[in-house]
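Morning, everyone. Please have the sequence and the 3D view open before we start. I'll take it piece by piece.

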Amino acid sequence: MRGVVFDFFGTLTDPAVESQRKQAFTATAEVLGVPAERFWAAMAGSFPRRIVGAYGSTRETLLAIARECGAKPDEEQLDRAVATHRSGAERLRTPRPEALAVLDHLRTQNYRLGLLSDCSSELCEAWPDTVYAARIDAPVFSWKEGHRKPDPRLYATAAARLGVPVSECWFVGDGGSREHDGARRAGMRPVLVTNAAYPGANLLRDDPDSYLPEHRIDDLGELIRLLGPSHDNG
Ligand SMILES: [Mg+2]
């Protein structure tokens with residue numbers, strides 16, 4: 001096995017911060033002059049289309065969502081809403097405590113590291129400035145590709161960008177979006193991060209996976225042992 005493809009939210013990010021998403025959206029709604037509950041519902045309802053890029057950039061998305069909610073923000077308001085929304089998104093991508101050390105370790109082991117995220121515009125726009133960017137050889141974003149998990153094209157793209165056959169790639173994720181079944185069908189070897197220490201984090205999981213991978217770890221730090229030289233790779 002020469003490649004490792006990671007899910008992003010709840011896998012590389014701290015599962016504990018996911019509970020702050022509503023609070024972050026509320027701050028954006030306030031700047032846009034939209035009731036928080038209405039904004040939350042519009043963001044949730046538009047999620048499947050936002051993550052395949054149908055709403056465009058963060059600025060275009062916030063304008064469209066505000067209009068859906070009956071508001072007409074001016075340019076200055078929109079500027080502030082984008083800034084507020086981006087800083088909220090930044091908090092939501094806080095790395096989990098062991099994430100950067102795991103990535104750094106795997107790089108020393110000569111693994112090629114990829115990312116496969118069902119995400120909206122915020123992550124894609126901010127990616128080069130994140131702490132993850134220098135550690136990931138090839139990111140694949142649903143927003144940019146126009147497909148979401150478990151679409152097999154995403155896994156094929158991730159492997160191709162790493163220059164590693166899918167059969168030599170691990171896929172590591174916390175579940176949701178049927179990502180492990182997608183990985184298995186694409187020919188990758190799936191690993192579930194159960195996040196057992198974060199009860200409640202999985203309650204927000206979208207489109208849960210009915211397929212349970214053979215390889216399961218409770219926390220990301222255990223990945224090093226699973227992939228380590230003592231493992232038989234079977
Ligand atoms: Mg996830």
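**Helix 2, a cavity, a pocket and one arginine**

Let's begin with helix 2, where Phe-39, Ala-42, Met-43, Ser-46 and Arg-50 are buried. Keep in mind that this is a predicted model.

What covers those buried residues? The cover includes helix 1 (21–32), helix 3 (58–68), helix 4, helix 6 (121–126) and helix 7 (142–145).

Now look along helix 2 itself, residues 36–50. Where is the kink? Find Ala-44: the helix bends there by about 30°. The proline Pro-48 follows shortly after.

Next, the cavity. How many cavities of 30 Å³ or more does a search of the whole structure find? One. Its volume is about 50 Å³. Two residues we have just met in helix 2, Met-43 and Arg-50, are buried, and Met-43 and Arg-50 also line this largest cavity. The rest of the lining is Gly-56, Thr-58, Thr-61, Leu-62, His-85, Ser-120, Ser-121, Glu-122 and Trp-143. Helix 2, helix 3 and helix 6 are the elements that give two or more residues each. Helix 3 gives the most, with three. By class, the lining has six polar, three nonpolar and two charged residues.

On to the second largest pocket. It holds about 180 Å³ of space. Which residues line it? Start with Glu-90, Arg-93, Thr-94 and Pro-95. Then add Ala-126, Asp-129, Thr-130, Val-131 and Tyr-132. That lining divides into four nonpolar, three charged and two polar residues.

Last stop: Arg-96. Pro-95 is in the pocket lining, and Arg-96 sits in the loop between helix 4 (75–92) and helix 5 (99–108). Is Arg-96 buried or exposed? The relative accessible area of Arg-96 is 1%, and buried means under 20%, so Arg-96 counts as buried.

What is around Arg-96? Set aside the neighbours within four places in sequence. One set of contacts is Gly-10, Thr-11, Leu-12, Thr-13, Asp-14 and Pro-15. The others are Val-193, Asn-195, Tyr-198, Asp-219 and Leu-220.

Take two of these partners. Thr-11 is 85 residues from Arg-96 in sequence, yet their C-alpha atoms are 7.9 Å apart in space. With Asp-219, the side chain of Arg-96 makes a polar contact of 2.6 Å, side chain to side chain.

To recap: a kink at Ala-44 in helix 2, one cavity of 30 Å³ or more, and a buried arginine, Arg-96, in a loop. Thank you.

Note on methods
Residues numbered from 1 in each chain as written. Predicted model: local features only at pLDDT ≥ 70, side-chain atom pairs only at ≥ 80, totals over all residues. Heavy atoms only, no water. Helix = DSSP H or I, 4+ residues; strand = E, 2+ residues; numbered from the N terminus. Buried < 20%, exposed > 50% of the residue type's maximum accessible area, 1.4 Å probe, protein only. Contact = heavy atoms within 4.5 Å. Polar contact = N/O pair within 3.5 Å; in protein donor to acceptor, adjacent residues only side chain to side chain. 1 Å grid on protein atoms, 1.4 Å probe; cavity = no way out; pocket = protein on both sides within 12 Å on 5 of 7 lines; lining within 4 Å. Points joined across faces, edges and corners; volume = space filled by probe spheres on them. Nonpolar A, V, L, I, M, F, W, Y, C, P; charged D, E, K, R; others polar. Bend = angle between axes of the 7 residues up to and from the residue.
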